[in-house]
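Trainee: Could you walk me through one part of this model up close? I'd like to look at the sheet, and then at whatever sits around it.

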Amino acid sequence: MSDSASTSIGLLLFPALTQLDLTGPFEVFARAPDTKVHLIWKNLELVVSDRGMAIQPTTTFDTCPALDIICIPGGPGQINLMEDEEVLSFIRAKSKQAKLVTSVCTGSLVLGAAGLLEGYKATTHWASLDQLALLGAEPVNERVVRDRNRITGAGVTSGIDFALSVVSEMFGPDIAQNIQLHMEYDPAPPFDCGSPRSASEEQLKKAQQQVAPFIEKRRQATLKAAARLQK
């Protein structure tokens with residue numbers, strides 16, 4: 001558990017994020033004992049997710065306190081963050097202080113763009129997993145990946161698994177299990193096609209075709225970020 005009297009967790013909230021990347025972990029973290037969860041952005045104006053949900057930041061870059069855990073969610077807006085030096089500088093600064101540096105989904109690409117995953121094992125959404133290597137990370141096709149003080153979650157729904165893993169790390173498995181029970185987190189999906197490992201070849205090919213133009217746009221942003229890291 002954190003050495004301080006209370007644990008401070010910061011989730012980056014940015015335009016066009018995937019809200020479940022943030023709200024899944026938030027629900028878990030907010031149930032942890034003696035914990036304060038901060039939603040962080042440049043200002044306190046409402047931030048609109050990629051699907052239209054508006055979320056209120058609770059603190060800004062300038063007013064954000066020291067963090068025990070920093071978490072970067074993902075989503076389409078991640079592309080712009082990868083060349084936003086104000087955001088990247090904030091993440092680097094807070095990561096130096098944090099006990100755990102974490103992400104969900106393509107938030108790991110933002111960590112990579114900030115130079116924080118070089119030499120680390122990490123994961124992200126299956127459609128962009130290979131891009132981590134461009135940023136010096138070792139891609140791992142698992143739902144939650146831990147390498148030293150870096151913990152990364154795979155795509156979207158994995159944020160709940162990720163957050164329970166973090167709570168177990170910080171507070172112990174008994175507390176994490178208690179939170180899981182209160183949330184009735186007992187997944188029983190109606191279809192067995194939630195990852196490339198379980199989806200049919202036809203389903204996977206269709207999904208890959210649907211996202212191909214956007215994934216290429218993301219790849220170009222990752223390549224630019226990688227080039228900046230090498231300067």
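Mentor: Here is a tour that begins with the sheet and ends with the pockets. Keep in mind that this is a predicted model.

Start with the strand order. The sheet is open and has 7 strands, running β5-β2-β1-β6-β7-β11-β10, and its pairing is mixed. At the edges sit β5 (59-60) and β10, each of which pairs on one side only. Further in, β1 (residues 7-12) and β6 (residues 69-72) run parallel to each other, with 3 bridges between them. If you want a spot to anchor your view there, Ile9 stands opposite Ile69 of β6.

Now go to the β10 edge. Strand β10 covers residues 144-147 and pairs with β11 (residues 150-153) through 4 bridges, in the antiparallel sense. Between the two strands of this hairpin there are 2 residues, and Arg148 has a positive phi near 55 degrees. Within the pairing, Arg146 has Ile151 of β11 as its bridge partner.

The side chains of β10 are worth a look too. In a regular strand, side chains alternate between the two faces of the sheet. In β10, Val145 and Asp147 point to one face and are buried, whereas Val144 and Arg146 point to the other face and are not buried. So which face a residue points to goes along with burial here, and a charged Asp147 is on the buried side with Val145.

Next, the way into β2. Asp34 is in the loop between α1 and β2, and its phi is positive, about 50 degrees, although Asp34 is not a glycine. At 44% relative accessibility, Asp34 is partly exposed. Thr35 belongs to β2 itself (residues 35-41), and Thr35 counts as buried because its relative accessibility is 17%, with the cut-off for buried being under 20%. The Thr35 side chain reaches back to the backbone oxygen of Pro33, at 2.9 Å.

There's another positive phi in the loop between β1 and α1 (19-29), where Ala16 is found. Ala16 isn't a glycine either, and its phi is about 65 degrees. With 26% relative accessibility, Ala16 is partly exposed.

For a buried loop residue, go to Thr124, between β8 (121-122) and β9 (138-139). Thr124 has a relative accessible area of 2%, so it is buried. Its side chain reaches the backbone oxygen of Cys105 at 2.7 Å, and a 3.3 Å polar contact joins it to the side chain of Ser108.

Finally, the pockets. The largest has about 690 Å³ of space. It is lined by 25 residues, and the closest to its centre are Arg143, Gly155, Thr157, Gly194 and Ser195. That lining divides into 11 nonpolar, 9 polar and 5 charged residues. The second largest pocket has a volume of about 430 Å³. Of its 17 lining residues, Thr18, Arg51, Pro76, His125 and Val211 are the closest to the centre, and by class the lining has 9 nonpolar, 5 polar and 3 charged residues.

As for annotation, UniProt, in an unreviewed entry, places a "domain: DJ-1/PfpI" feature at residues 9-168. Over that stretch the chain is 29% helix and 24% strand, with the end C-alpha atoms 14 Å apart.

Technical notes. Residues numbered from 1 in each chain as written. Predicted model: local features only at pLDDT ≥ 70, side-chain atom pairs only at ≥ 80, totals over all residues. Heavy atoms only, no water. 1 Å grid on protein atoms, 1.4 Å probe; cavity = no way out; pocket = protein on both sides within 12 Å on 5 of 7 lines; lining within 4 Å. Points joined across faces, edges and corners; volume = space filled by probe spheres on them. UniProt positions renumbered as here; feature names shortened; annotations may be inferred. Buried < 20%, exposed > 50% of the residue type's maximum accessible area, 1.4 Å probe, protein only. Pairing = 2+ DSSP bridges. Polar contact = N/O pair within 3.5 Å; in protein donor to acceptor, adjacent residues only side chain to side chain.
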